[in-house]
Amino acid sequence: MSIIEDIKNRIIDLDDGEIIMTSDFADLSSITTIRKCLGRCVDEGMIRRVFDGVYEKPRYSKLLNEFMPTNPEKVAYALARNYHWTIAPCGDIALNKLGLTTQVPTVWTYVSDGPYRDFEWGNIKLRFKHKTNREISQLSMQTILVIEALRALGKDRIDADIISQLGKHFQEKDKDIILNEATACSEWIYEMIRKVCAA
């Protein structure tokens, strides 16, 4: 079987909307050859190029009768997989995931144990903000989310309603994990976390 056939078969097996990287096929041939093969797959409509080295198997909506936009979060986690980064949502993304805002951001921001990096396509920007490995890889996703959401809001914007909303978002077992893991964060954030976990 040829390299292009191998690549096409792998793409066929993917779910619509999945993000693939050039490096995902590094076991088949050189990056130069893989890029050429992926270019053929783009020309044939199997995938679309998001930006250099990043592709998507597009999702088609029968309801809207059009292809859906690329999911920035899937791109973020594909990049993290490619570069071996640990990442977690922060800022408006963290607030959105915890139900504290419905606003869709134009800058999708993540904390990462990798370097500061920005990626852009269309009107979307991905931003990775460096945190030490200790601050990311040793914490569960729910702990990072609540810390980053509180940090995004700021001490003066957190009221009883927000504490209550966050408290309802987590199960008791999650609250125990968050309390144990968040002890190294700043004093005011930990105090807010104690209130959230008591709510």
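**Figure 1. The whole chain, with 43% of its 199 residues buried.** Welcome to this predicted model, shown here in full before we move in on the details. Nine-and-nine is a handy way to remember the secondary structure: the chain has 9 helices and 9 strands. Along the principal axes, the C-alpha atoms fill a box of roughly 60 × 40 × 30 Å. Take the contacts between residues at least 6 apart in sequence: 55% of them join residues at least 24 apart.

**Figure 2. An open sheet of 4 strands in the order β6-β7-β9-β8.** Follow the strands across and you will find that their pairing is mixed. At the edges are β6 and β8 (117-121), each of which pairs on one side only. From one strand to the next, the twist averages 25 degrees. At the β6 end of the order, 3 bridges join β6 to β7 (residues 107-112), and these two strands run antiparallel. To find your place in this view, look for Pro89, which stands opposite Tyr110 in β7.

**Figure 3. Helices α3 and α6 pack on the sheet.** Helix α3 touches β6, β7, β8 and β9. The direction of α3 makes about 45 degrees with that of β9. Helix α6 (residues 141-153) touches β6 and β7. For α6, the angle is given against β6, and the two directions make about 50 degrees.

**Figure 4. Tyr83 and Trp85 form a stacked aromatic pair.** A search of the whole structure finds 8 aromatic pairs, and this close-up shows one of them. The ring centres of Tyr83 and Trp85 are 4.9 Å apart and the planes meet at 25 degrees, so the pair counts as stacked. Are the two partners buried or exposed? Tyr83 is partly exposed, with a relative accessibility of 35%, whereas Trp85 is buried at 12%. Tyr83 has a charged companion as well: the charged end of Arg117 sits over the Tyr83 ring, 5.5 Å from its centre.

**Figure 5. Trp85 and Phe128 meet edge-to-face.** Trp85 has a second ring partner to show you in Phe128, with 5.1 Å from centre to centre and 65 degrees between the planes. This pair links distant parts of the chain, as its members are 43 residues apart. Trp85 belongs to the loop between α3 (72-83) and β6 (87-89), while Phe128 is in strand β9 (residues 124-130). Phe128 is buried, at 0% relative accessibility. Step back a little and the surroundings come into view: ring pairs link Phe51, Tyr77, Tyr83, Trp85, Tyr110, Phe119, Trp121 and Phe128 into a cluster.

**Figure 6. Gly53 is a buried loop residue.** Gly53 lies between β2 (48-51) and β3 (54-56). Its relative accessibility of 10% is under 20%, so Gly53 counts as buried. Which residues does Gly53 touch, not counting those up to four places away in sequence? They are Ile20, Met21, Thr22 and Arg35. For a sense of scale, the C-alpha atoms of Gly53 and Lys36 are separated by 11 Å, and these residues are 17 apart along the chain.

**Figure 7. Lys131 is buried in the loop between β9 and α5 (133-136).** A lysine may catch your eye here: Lys131 has a relative accessibility of 18%, and so counts as buried. Neighbours within four places in sequence aside, Lys131 is in contact with Val111, Ser112, Asp113, Ile136, Glu148 and Arg151. The view also takes in Ile87, 44 residues away along the chain, whose C-alpha atom is 9.3 Å from that of Lys131.

**Figure 8. Cys41 and Cys90 are buried cysteines in a structure with 0 disulfides.** Why does Cys41 form no disulfide? The closest cysteine sulfur, in Cys37, is 7.1 Å from the sulfur of Cys41, which is too far for a bond. Cys41 is buried, at 0% relative accessibility. Cys90 tells a similar story, as its closest cysteine sulfur is in Cys185, 15 Å away and too far for a bond. Cys90 is buried too, with a relative accessible area of 2%.

Notes: Residues are numbered from 1 along each chain as its sequence is written. This is a predicted model: local features need pLDDT of at least 70, side-chain atom pairs count only at pLDDT 80 or more; totals for chains, interfaces and linings use all residues. Side-chain values use heavy atoms; hydrogens and water are left out. Rings of Phe, Tyr and Trp (its six-membered ring) pair if their centres lie within 6.5 Å; planes under 30 degrees apart count as stacked, over 60 as edge-to-face and the rest as tilted. Buried means under 20% relative accessible area, exposed over 50%, partly exposed in between (1.4 Å probe, protein chains only). A charge sits over a ring if NZ of Lys or CZ of Arg is within 6 Å of the ring centre and within 35 degrees of the ring normal. Contact means heavy atoms within 4.5 Å. Two strands pair if DSSP finds at least two bridges between them. Axes are lines fitted to C-alpha atoms, for helices over the stretch in contact, and angles run from 0 to 180 degrees between N-to-C directions. A disulfide is a pair of cysteine sulfur atoms within 2.5 Å.
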